[in-house]
Amino acid sequence: MTPIIVLEENTANKIAAGEVVERPASVVKEMVENSLDAGATSIDIEIREGGKEYLRVVDNGRGIPPEEVPLAFERHATSKIRSADDLFRIITLGFRGEALPSIAAVSDLEMVTRTQGAPAATLIAFSGGKRTRLESVGSPLGTAVTVQRLFFNTPARYKFLNQAASERRHVYDIVGRLALANPRVRFRLVSDGEEIMVTPGDGNMEAVMWSIYGSRIGKHLIPVHRESSLAAVNGYICKPEIHRGNRQAQTFIINGRIVESSLLANAMEKGYQTMLPRRRYPIGVLALTLDPSRIDVNVHPTKREIRFSDSSEVYKQVLVAVRQALEASTPFEPWHIPAQQDESPERSSWSRALRSAGGPGFVQETMEAGDSGWRAAPAMPPIRPDRPTRSEPGHTWEPAGTSTLSPPEGSAAQAKARESDETGFPGQPAMFRILGQFRATYILVEAEDELWLIDQHAAHERILYERFLTGLQSRAIKTQALLVPMNLELGPAAAAAVLEWSSAFEELGFEVAAFGSKDCLVRSVPVDLSGIGGKDLEELLLGVINQGQTKDYREPALILMACKGAVKAGEELSPALMQELVTSLLSTRNPFTCPHGRPVIVRLALEDLHRRFGRS
Ligand code: ADP
Ligand code: MG
């Protein structure tokens, strides 16, 4: 048997490197965190070939005194904690004293560092863990670390590195997050000579979001701010019309530390309620401030995960913070209901009107002479001017790791993938014009420089859902007595259930009564459902009871009601009704998604059409 031995230090360091350093991005993270811990206010990061061959981090922090420089490269050498007790009140980012020796063990590393007052800087260099230089040199205050040939002596690890493009994205991703977590620090990232990102370092987190994501996302940010005895939650999230197919554009920060937390991600998503389509994820940054004794950061070697002592409270705080931010951001005019609807009881049943109206599919035919067909869109959220604009280096910064299948960086395909990934919406149109109806299912709309395809059923569902929701919230869903009460033959069990639920139905705008022992009589229904047929009504009532068995019936009830009340695909709509539909849709809080989470609007940009026709 092989005897047990204590590993030679360099071997131990190589093993530790496997835990701390997976790829160039992890080196960048460790180095930048050291710079932050050293009080730097300005950090420059430069990479070449995704950092595989060369990466350099330069800071203006306090530096390392000459006599301590060699020590910094010894295992478990740290200036940040003194005993295990300190682990419970960690305020610095590093604390294990592992990064420098581990990285030095698997690369060519050079550090030049100078403290205030020291006449000269110290240069120390390692190759594969062996010290090759230690001398005094001239250099400005602060520390510069250069790492070249990462993993040159650990071929197995080197093999695991991806193409430069993918490693580059990982670096962009981590630097973006670090910049978000440290808005008071100026970050500059250069990749293969090209400036990718510069942040102002003036403490403005919104400006950092602009620097990272550009105007597409920057224009649609909503501030989040909530304080409670447990936690402060601050940050920026994106309006619900902008979302992603993954969680890459979410950053969570706890006490200045970037964390990965499905708890926080779930809380943020829940805060958006029904506003996002299924399997789409919000974009944003949330920074939490908590008593450090309530969290445990020492869970994972790279400190990405975190444990909370009261996770359900944290979850709730984040959810509420997000929800309140979204609510506050919508200049919420309670229902833009077309004027005629209030005036005439007949017209007030909008869905019935929609149903009975047939007519030609093209607006111009019914327009007065000289009417261009253009309509002003209803209230649109103001877009604040004078935001910092990004120096456009020709691409929007895309966080890393989106997918291993993503098209090559900078390619047209990638730009396109990004377009379709964010159903981002550069503001509602000021004007729109109905072009017609396609296959009696989609409404075509000219909205400034875009062609919109609107799913008429989904659009109407969204409108009705919101109208019912406000009605329910103010306990005033408008009802209408049926001329002839509807008799539903349900059988004794279902009839009894409906009766048992009659007060819930009343709240929802339905008046139901017993009729014999196995039938139900429906005397009135919500105005917006006055055209509903017996079969739909039966499905609706039983559906509400069914869903209400396991959870609050209200939300599913409203969704069902919206679905039953909405125009169906295949129904021809008159131009005036399409006009009304689109106008109402645009004044909903979330015109982009139906209550089931399906998209309502598909948008084609003029630019894209031009491109497809080979015009540009
Ligand atoms: P840790 O950050 O866990 O303490 P590291 O191996 O990353 O361990 O760094 C070891 C020590 O080197 C740090 O505790 C710190 O004192 C010093 N150090 C490293 N990088 C810098 C820097 N950029 N500026 C000042 N001191 C640094
Ligand atoms: Mg460190």
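What follows is a chat about a sheet and the helices packed around it in a predicted model.

Student: What order do the strands of the open sheet come in?

Tutor: The order is S9-S10-S13-S11-S12, so to speak from one edge to the other, with mixed pairing among the 5 strands. The edge strands, each paired on one side only, are S9 (221-227) and S12 (257-259).

Student: And how much does the twist average from one strand to the next?

Tutor: It averages 20°.

Student: Which helices pack on the sheet?

Tutor: Helix H6, residues 164-181, is one of them, and it touches S11, S12 and S13. The direction of H6 makes about 45° with that of S11. Helix H10, residues 311-329, also packs on the sheet, touching S9, S10 (231-238) and S13. For H10 the angle is about 135°, taken against the direction of S9.

Student: Back to the pairing. Do S11 and S13 run parallel or antiparallel?

Tutor: Parallel: 5 bridges join S11 (residues 250-254) to S13 (residues 284-290). One place to look is Thr251, whose bridge partner in S13 is Val285.

Student: How many bridges are there between S10 and S13, and in which sense?

Tutor: There are 7, and the sense is antiparallel. Ala231 has Leu290 of S13 as its bridge partner.

Student: What about S9 and S10?

Tutor: S9 and S10 run antiparallel and are joined by 7 bridges. They form a hairpin, with 3 residues between the two strands. Within that pairing, Val224 is matched with Gly235 of S10.

Student: Is S10 mostly covered or mostly open?

Tutor: Mostly covered, with 7 of its 8 residues buried.

Student: New topic. At what angle do H2 and H6 pack?

Tutor: Helix H2, residues 24-37, packs with H6 at about 25°, and the axes are 8 Å apart. Angles under 35 degrees count as roughly parallel, and H2 and H6 are therefore roughly parallel to each other.

Student: Is the crossing left-handed or right-handed?

Tutor: H2 passes H6 in a right-handed crossing.

Student: Which residues make the contact?

Tutor: From H2, they are Pro24, Ala25, Val28, Lys29, Val32, Glu33 and Leu36. H6 contributes Glu167, His170, Val171, Ile174, Val175 and Leu178.

Student: How does that contact split by class?

Tutor: The contact of H2 with H6 has 9 nonpolar, 1 polar and 3 charged residues.

Key: Residues are numbered from 1 along each chain as its sequence is written. Chains are lettered from A and ligands numbered from 1 in the order in which they are written. This is a predicted model: local features need pLDDT of at least 70, side-chain atom pairs count only at pLDDT 80 or more; totals for chains, interfaces and linings use all residues. Side-chain values use heavy atoms; hydrogens and water are left out. Two strands pair if DSSP finds at least two bridges between them. Helices (H or I, at least four residues) and strands (E, at least two) are DSSP runs, numbered from the N terminus. Axes are lines fitted to C-alpha atoms, for helices over the stretch in contact, and angles run from 0 to 180 degrees between N-to-C directions. Contact means heavy atoms within 4.5 Å. Angles under 35 degrees count as roughly parallel, over 145 as roughly antiparallel, 65 to 115 as roughly perpendicular and the rest as oblique. A crossing is left-handed if the near helix is turned anticlockwise from the far one by less than a right angle, and right-handed if clockwise. Ala, Val, Leu, Ile, Met, Phe, Trp, Tyr, Cys and Pro count as nonpolar, Asp, Glu, Lys and Arg as charged, and the others, Gly among them, as polar. Buried means under 20% relative accessible area, exposed over 50%, partly exposed in between (1.4 Å probe, protein chains only).
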